[in-house]
Amino acid sequence: MTRQTVTILVLAGLLVLALVGMRVGWVHRRRRTLDAVPTLPAVPTDAGALLAGPFEAVYVSTTRAGDWLDRVAAHGLGVRSPARVSVHATGVHVARTGAPDVFVPAHALRAAALAPGIAGKVVGRDDLVVLTWDPAAQPGDEPDGARGLDTGLLPRHAADRDAIVAAALTLIPDVPAAVSGTEEKP
């Protein structure tokens, strides 16, 4: 074998090892994040009155609330995808292309705000819509401070950001009208 052939084989082997390592890491992340999200809320057949949307957006990712780099991989929540976002009386529906839909029930929604980034996308200004929610919440539950999730969306049109946040905030009881929630995000 020539020196060039050996070099190519070594580099190919390293590439295969890197890809296998990345795959193993993703599988472990998916298993670990199943604790945070054992099941996703089902998308209702009748989501109620349409409050806003649908808006074209990119579903960026879902992370553990407050930790914008701790991506959740369970249930396909770590998969970036094109989406259509609509806010209904019963919650926020994120219809994704090529990945399972995400439905954030109104009773699970804790906050809606603009942020400059989330795992998978940093824009440097408040262009991302971030929905903070608790997937384990049941109707009538009071927020208990349990760690929830942040779901990041990048609307295609700038005007849609404020419309999504404003409509989502109407689903949260006892939220003052002046709340923007941008202070907590990265």
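A residue counts as buried when its relative accessible area is under 20%, as exposed when that area is over 50%, and as partly exposed in between (1.4 Å probe, protein chains only). By that yardstick Glu56 is partly exposed, with a relative accessible area of 36%. The structure is a predicted model, so local features need pLDDT of at least 70 and side-chain atom pairs count only at pLDDT 80 or more, while totals for chains, interfaces and linings use all residues. Residues are numbered from 1 along each chain as its sequence is written, and side-chain values use heavy atoms, with hydrogens and water left out.

Start with the overall layout. The chain has 2 helices and 9 strands, where helices (H or I, at least four residues) and strands (E, at least two) are DSSP runs numbered from the N terminus. Read from the N terminus, the order of elements is α-β-β-β-β-β-β-β-β-β-α. The chain has 186 residues, and 42% of them are buried. Its exposed surface comes to about 10000 Å², with carbon and sulfur atoms supplying 59% of that; accessible areas come from the Shrake-Rupley method with a 1.4 Å probe, and for residues only the protein chains shown count as cover. Contacts (heavy atoms within 4.5 Å) also say something about the fold: among those between residues at least 6 apart in sequence, 65% join residues at least 24 apart.

Next comes the inside. In soluble globular proteins, nonpolar side chains tend to be buried together. A nonpolar core here is a set of buried Ala, Val, Leu, Ile, Met, Phe, Trp, Tyr and Cys residues joined through side-chain atoms within 4.5 Å. The largest such core holds 32 residues, and Val92, Val94, Leu109 and Leu131 have the most contacts inside it. At least two core residues come from each of β1 (50-64), β2 (81-88), β3 (91-96), β4 (102-105), β5 (109-115), β8 (128-133), β9 (149-155) and α2 (158-169). Helix α2 gives the largest share, 5 residues. Take Leu109 as an example: leaving aside neighbours within four places in sequence, Leu109 touches Val104, Leu131, Thr132, Trp133, Ala168, Leu171 and Ile172.

Strand β9 is worth a closer look. Of its 7 residues, 7 are buried. Leu149, Thr151, Leu153 and Pro155 are covered on one side, and Asp150, Gly152 and Leu154 on the other. Two strands pair if DSSP finds at least two bridges between them. β9 is joined to β1 by 7 bridges, and the two run antiparallel; another 5 bridges join β8 to β9, also antiparallel. In the first pairing, Thr62 has Thr151 as its bridge partner in β9, and in the second, Thr132 stands opposite Asp150.

Two residues give a feel for how things pack here. Thr151, in strand β9, is buried, with a relative accessible area of 0%. Setting aside neighbours within four places in sequence, its contacts are Tyr59, Ser61, Thr62, Ile118, Val129, Val130, Leu131 and Trp133. From Thr151 to Trp68 is 9.5 Å, C-alpha to C-alpha, though they sit 83 residues apart in sequence. Ser61, in strand β1, counts as buried because its relative accessibility is 0%. With the same neighbours left out, Ser61 is in contact with Arg71, Leu77, Ile118, Ala119, Asp150, Thr151 and Gly152.

What about charges? Side chains of opposite charge can pair when their charged atoms come close. With a salt bridge taken as a side-chain nitrogen of Lys or Arg within 4 Å of a carboxyl oxygen of Asp or Glu, the count comes to 2. One is between Arg156 and Glu56, whose closest N and O atoms are 2.8 Å apart. That pair links distant parts of the chain, with Arg156 in the loop between β9 and α2 and Glu56 in strand β1, 100 residues apart. Arg156 counts as exposed because its relative accessibility is 59%. The other bridge joins Asp127 to Arg161, at 3.2 Å between the closest N and O atoms. Asp127 lies in the loop between β7 (121-122) and β8 and Arg161 in helix α2, so this pair ties together parts 34 residues apart in sequence. Asp127 is buried at 9% relative accessibility, and Arg161 is buried at 18%.
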